[in-house]
Amino acid sequence: MSAATTRSRTPDRLCAEAVDLARAAAQEAAAPGVVGAHAGLVSEGDRVVTHYFECVELGYRGWRWAVTVARASRAKLVTVDEAVLLPGPDAVLAPEWVPWSERLRPGDMGPGDLLPTDAEDLRLEPGWSGEDEPPPNSAVSEQMAELAEAEDAEVTAASPAELALTPPRGTIAAVADELGLRRARVLSRYGLHTAADRWEEAFGPKTPMAQAAPAPCVSCGFLLRIGGSLGQAFGVCANEFSPADGRVVSLAYGCGGHSEAAVMPKPPQPASPVIDETRVDPFPLRRAADAGSVPVGDDAAADLGHS
């Protein structure tokens with residue numbers, strides 16, 4: 001260890017004694033009454049010392065005012081280099097700064113907000129490039145090449161972003177525009193997988209609603225199928241009373257609003273009356289003699305009004 005290093009670790013006597021000078025500098029930089037007691041000093045080098053003072057301002061627990069003083073060689077006058085507020089070992093600090101692209105969460109965007117997509121976003125891959133032989137991962141690579149050969153169409157040399165709004169008729173750009181494939185980038189396999197994982201986590205078979213459902217969505221009449229490769233595992237719920245109405249749901253998801261969950265039974269209908277038209281029931285026109293409660297010939301009973 002050199003002699004210069006040894007001297008730099010030993011605080012200079014005059015700089016170490018300049019506590020009042022350092023306190024005055026801290027009070028001048030801070031608001032009145034926020035500079036507390038002297039909390040020690042540290043030698044920064046030859047004739048350079050930093051004095052620490054406690055910060056008693058609300059909201060800055062554990063912070064310290066650091067005032068660095070120094071003096072020239074063979075000089076007895078100590079001067080102030082700087083005065084700053086620094087966090088101590090147990091200071092309350094703000095959380096580490098995170099870029100906005102990593103802080104953004106689903107649902108954070110509002111009306112008028114713009115979310116620029118990174119040029120190297122792993123969720124996207126180049127779409128139709130406009131070349132004679134599009135990239136192998138393009139959604140229109142083989143189909144567009146076969147169609148161009150069959151129709152004897154012209155191949156444009158520019159990308160879709162550089163083409164005119166109305167491409168010339170007969171070009172691949174015109175056909176791609178008609179088929180809705182004229183996009184600079186499309187979902188990559190990674191983008192498809194992340195979307196599928198996100199949708200299945202929200203409305204998948206492992207959710208409590210699906211566990212208690214009478215049947216999965218694949219057999220529900222309110223399920224709207226979607227196209228593409230994701231249509232093999234997902235659909236859109238169209239039941240207004242379902243918690244997933246208008247959402248992309250897994251075919252294994254389910255809820256109590258299943259179309260076949262509780263079919264109301266029809267009310268019982270009484271049987272139709274049966275009429276026997278082969279039998280004749282006699283209806284006498286006159287009453288029989290023995291039909292009354294009093295025997296025939298009993299005149300005394302007749303006076304009492306009996307029939």
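These legends accompany close-up views of a predicted model.

**View 1. An open sheet of four strands, paired in the antiparallel sense.**
Let's start with the sheet, whose strands follow the order 1-2-3-4. Its edges are strand 1 (35-45) and strand 4 (79-87), each of which pairs on one side only. From one strand to the next, the twist averages 20°.

**View 2. The hairpin of strand 1 and strand 2.**
Here you can follow strand 1 into strand 2 (residues 48-55), its antiparallel partner over seven bridges. Two residues lie between these strands, and Arg47 in the turn has a positive phi of about 55°. If you would like a landmark in the pairing, look for Val35, which stands opposite Cys55 in strand 2. Helix 3 (residues 19-29) packs on the sheet and touches strand 1, strand 2, strand 3 (63-70) and strand 4. The direction of helix 3 makes about 115° with that of strand 1.

**View 3. The buried and exposed faces of helix 3.**
Take a look at Ala22, Ala25 and Ala26, which are buried in helix 3. These three residues sit on the same side of helix 3 because they cover an arc of only 100° around the axis. Which strands do the buried residues of helix 3 pack against? Their partners are strand 1, strand 2, strand 3 and strand 4. On the face turned away from this buried side you will find the exposed residues Asp20 and Glu28.

**View 4. The largest nonpolar core, with 17 residues.**
In soluble globular proteins, nonpolar side chains tend to be buried together. In this model, the residues with the most contacts inside the largest core are Ala26, Val35, Phe53, Trp65, Val67 and Val69. Helix 3, strand 2 and strand 3 are the elements that give two or more residues to this core. Strand 3 provides the largest share, four residues.

**View 5. Phe53 and the residues it touches.**
This view centres on Phe53, one of the residues with the most contacts inside the largest core. Leaving aside residues up to four places away in sequence, Phe53 touches Val19, Ala22, Arg23 and Ala26, along with Val35, Gly36, Ala37, His38 and Ala39, and also Arg64, Trp65 and Val67.

**View 6. Another core, of nine residues, lying apart from the largest one.**
To find your way around this second site, look for Cys217, Leu223, Cys237 and Tyr253, which are among its residues.

How values were computed
Residues numbered from 1 in each chain as written. Predicted model: local features only at pLDDT ≥ 70, side-chain atom pairs only at ≥ 80, totals over all residues. Heavy atoms only, no water. Pairing = 2+ DSSP bridges. Axes fitted to C-alpha atoms, helices over the stretch in contact; angles between N-to-C directions. Contact = heavy atoms within 4.5 Å. Core = buried A, V, L, I, M, F, W, Y, C linked by side-chain atoms within 4.5 Å. Buried < 20%, exposed > 50% of the residue type's maximum accessible area, 1.4 Å probe, protein only. Arc of directions from axis to C-beta.
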